[in-house]
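Trainee: I should like to take a close look at the charged side chains of this protein. Could you please guide me through how they pair and where they lie?

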Amino acid sequence: MNNIKLDITKAACFMEAGAVKAFEPKVKSAQEALENGTCPGNDFLGWLHLPSEITPAFINELEAAAKVLRDNCEAVVVAGIGGSYLGARAVIEALSNSFGWLIKDQKNPTILFAGNNIGEDYLFELTEYLKDKKFGVINISKSGTTTETALTFRLLKKQCEAQRGKEEAKKVIVAVTDAKRGAARTCADKEGYKSFIIPDNVGGRFSVLTPVGLLPIACAGFDIKQLVAGAQDMEKACGKDVPFEENPAAQYAAVRNGLYQNGKKIEIMVNYQPKLHFFSEWWKQLYGESEGKDKKGIFPASVDFTTDLHSMGQWIQDGERTIFETVLSIEEPEKKLLFPEDEENLDGLNFLAGKRVDEVNKMAELGTRLAHVDGGVPNIRISIPKLNEYYIGQLIYFFEIACGISGNVLGVNPFNQPGVEAYKKNMFALLAKPGYEEDTKAIRERLAKEQ
């Protein structure tokens, strides 16, 4: 099979001649630091060669667990937040029928996502929807105490047991958690749930190719063997011994850091396929949480074109020139639909009659790229032959390895997220969580002074 292709020509032209090549020593050094384990955060490098380490036996075990859920559930709720759900959702949404949830008699269970917010209406409506459904739960949490996920899992566990009985519920609740520690591990062992391990050396946003992502994807009926195969081939294509000019991850890391140094502080992920919306959401977490620290980092944003051309298009074309775009382009859609002719031609669109809808979409893409480049917006293009498991596997690993390299070039630790804890401390203090008494007192005094 072909690989995804990276085109940086419409971005490099906004830099001085030879500027991308000038990054080669920094990029090579950054990738060597990953390979040698000498970079900051080197205890979280388990994702680096994860694709090539996944065995057929492990995939078989995941598929067997997924089959139990598929055979016994009309719906499966994935309870997780951040990296514990975004990767799985990105793949499932990309590969699913856009209206699959409306189709009766579908072969596979409906995959739902919860534990990623504390919206009372959302959770109430979810539990109402599940009242007449045979449902199962995949609880994804290393600690088992992350507020959003733990709250949701408690609700779903109680409901599943009430509807199916405690013994039957045990068969359709799966834990993806730490090997030895944490509330989720304790619960899984006590209740006898089937469980899978989140490796200690793989952070959440890099965990799609662990059971965190692979189990829900398999539950949805997709081929995780092909997903892994795509990642394995991209691991080879981005290896440290691949020449700089031929290594897509090295090129991407170089050009985006070069643009950043030239004042391009915002990277906009663009797609022209609605199915890729949640892939952009996964990418935003991967890069935002990896690079946004020490008062540095490109701000990752995303748009769905052509839809958002009618909302954000004006700003992108004529706004402040602090942005660049990375465009995901699908070469061949899965389905074929021809534009019809109309005798009255009131809309004036008969000139499109007989053309594929995708041809219109492709011209919109090309026309937009030309306009944005003319408007001063550097454009990176990633061409994907087809939207299937194999090429999504390639995309996942491409962005992961490029992120690790890019973060090291930037001079930050790409594998921690110290800023995430700030809101949690305040929230627990406001809720008067045991152990936070001093913080509770301090924050209440502060709020009283501000009123």
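Mentor: What follows is an account of the salt bridges and of one charged surface patch. Please keep in mind that the model is predicted. Side chains of opposite charge can pair when their charged atoms come close. The structure holds 26 salt bridges, and a few of them will serve as examples.

Let us begin with Lys21, whose side chain meets that of Glu24 in a salt bridge at 2.5 Å, N to O. Lys21 has a relative accessible area of 43% and is therefore partly exposed. Glu24, by contrast, counts as buried because its relative accessibility is 16%, and the cut-off for buried is under 20%. These two residues also belong to a network of salt bridges that includes Glu245.

A second pair consists of Lys157 and Glu191, whose closest N and O atoms are 3.4 Å apart. Lys157 lies in helix α8 and Glu191 in helix α10 (residues 183-191), so this salt bridge ties together parts that are 34 residues apart in sequence. Both partners are buried.

A third salt bridge joins the side chains of Lys355 and Glu359 at 3.5 Å, N to O. Lys355 is partly exposed, at 29% relative accessible area, and Glu359 is likewise partly exposed, at 36%.

Finally, we return to helix α8, which spans residues 147-164 and contains Arg154. With Lys158, Lys166 and Lys190, Arg154 forms a positive surface patch. Arg154 counts as exposed because its relative accessibility is 63%, and the cut-off for exposed is over 50%.

Key: Residues are numbered from 1 along each chain as its sequence is written. This is a predicted model: local features need pLDDT of at least 70, side-chain atom pairs count only at pLDDT 80 or more; totals for chains, interfaces and linings use all residues. Side-chain values use heavy atoms; hydrogens and water are left out. Patches are made of residues with over 30% relative accessible area and no salt bridge: like charges are joined within 9 Å, nonpolar side chains (Val, Leu, Ile, Met, Phe, Trp, Tyr) within 5 Å. Accessible areas come from the Shrake-Rupley method with a 1.4 Å probe; for residues, only the protein chains shown count as cover. A salt bridge is a side-chain nitrogen of Lys or Arg within 4 Å of a carboxyl oxygen of Asp or Glu. Lys and Arg count as positive and Asp and Glu as negative; His and the chain ends are not counted. The place of a charge is taken as NZ of Lys, CZ of Arg, CG of Asp or CD of Glu. Helices (H or I, at least four residues) and strands (E, at least two) are DSSP runs, numbered from the N terminus. Buried means under 20% relative accessible area, exposed over 50%, partly exposed in between (1.4 Å probe, protein chains only).
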